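Reader: I should be grateful for a close look at one part of this model, namely its largest pocket. Please describe the lining and then the residues that deserve attention around it.

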Amino acid sequence: MNPGPSEATATKTLLLVDDEHYFRRFVGEIVRRNFGYRLIEARDGEEAVALFQAERPAVVLLDINMPRKTGIETLPALRAMDAEAQIIMLTSISEELVVEE
């Protein structure tokens, strides 16, 4: 049985950044049900930077491979706004060089 979100996470925001709608929907549902974060979504790095600046989310799930502005290109912009930001990089790419970068 899932006890549901704690009071500590109930008002926190999570920014989910991925160009794939199905992935945002799938992960978003897990985040809402199990962790209680308020979810905001971006389709690429440019949208992510704008939302991060406006919302200051507690956590960012950031895809590496996206059009317009990749996660690797987006990360320094987010860090410049908040060096202590909790950012988790995601990828489905199995190339070691990309993952290591």
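Author: The lining of the largest pocket is made up of four nonpolar, three polar and four charged residues. These values come from a predicted model. Eleven residues line the pocket in total, and those nearest its centre are Asp-18, Glu-20, Asp-63, Thr-91 and Ser-92. The space in this pocket amounts to about 170 Å³.

Two of the central lining residues can be followed in detail. Asp-18 is placed in the loop that connects strand E1 (13-17) with H2. Its relative accessibility is 6%, and because buried means under 20%, Asp-18 counts as buried. In space, the C-alpha of Asp-18 is 8.9 Å from that of Gly-71, although 53 residues separate the two in sequence.

Thr-91 belongs to another loop, the one between strand E4 (86-90) and helix H5 (96-100). Whereas Asp-18 is buried, Thr-91 has a relative accessible area of 30% and is therefore partly exposed, a class that lies between the limits of 20% and 50%. Between the C-alpha atoms of Thr-91 and Leu-62 the separation is 8.5 Å, with these positions 29 residues apart along the chain.

Helix H2, which follows the loop of Asp-18, spans residues 21-35 and includes Phe-35. Phe-35 joins Phe-26 and Ile-30 in a nonpolar patch on the surface, and the three together have about 300 Å² of accessible area. Phe-35 itself counts as partly exposed, because its relative accessibility is 45%.

Two arginines in loops complete the description, each with an unusual sign of phi to report. Arg-56 is not a glycine, yet its phi is positive, at about 50°. This residue sits in the loop between helix H3 (45-55) and strand E3 (59-63). With 43% relative accessibility, Arg-56 counts as partly exposed.

Arg-68, also not a glycine, has a positive phi of about 65°. Its loop runs between E3 and helix H4 (71-81). The relative accessible area of Arg-68 is 58%, and because exposed means over 50%, Arg-68 is classed as exposed.

To return to the pocket, its central residues include the buried Asp-18 and the partly exposed Thr-91, and its lining combines nonpolar, polar and charged residues.

How values were computed: Residues numbered from 1 in each chain as written. Predicted model: local features only at pLDDT ≥ 70, side-chain atom pairs only at ≥ 80, totals over all residues. Heavy atoms only, no water. 1 Å grid on protein atoms, 1.4 Å probe; cavity = no way out; pocket = protein on both sides within 12 Å on 5 of 7 lines; lining within 4 Å. Points joined across faces, edges and corners; volume = space filled by probe spheres on them. Nonpolar A, V, L, I, M, F, W, Y, C, P; charged D, E, K, R; others polar. Patch = residues over 30% accessible without salt bridge, like charges linked within 9 Å, V, L, I, M, F, W, Y side chains within 5 Å. Areas by Shrake-Rupley, 256 points an atom, 1.4 Å probe, with all protein chains shown as cover. Salt bridge = Lys/Arg side-chain N within 4 Å of Asp/Glu carboxyl O. Helix = DSSP H or I, 4+ residues; strand = E, 2+ residues; numbered from the N terminus. Buried < 20%, exposed > 50% of the residue type's maximum accessible area, 1.4 Å probe, protein only.
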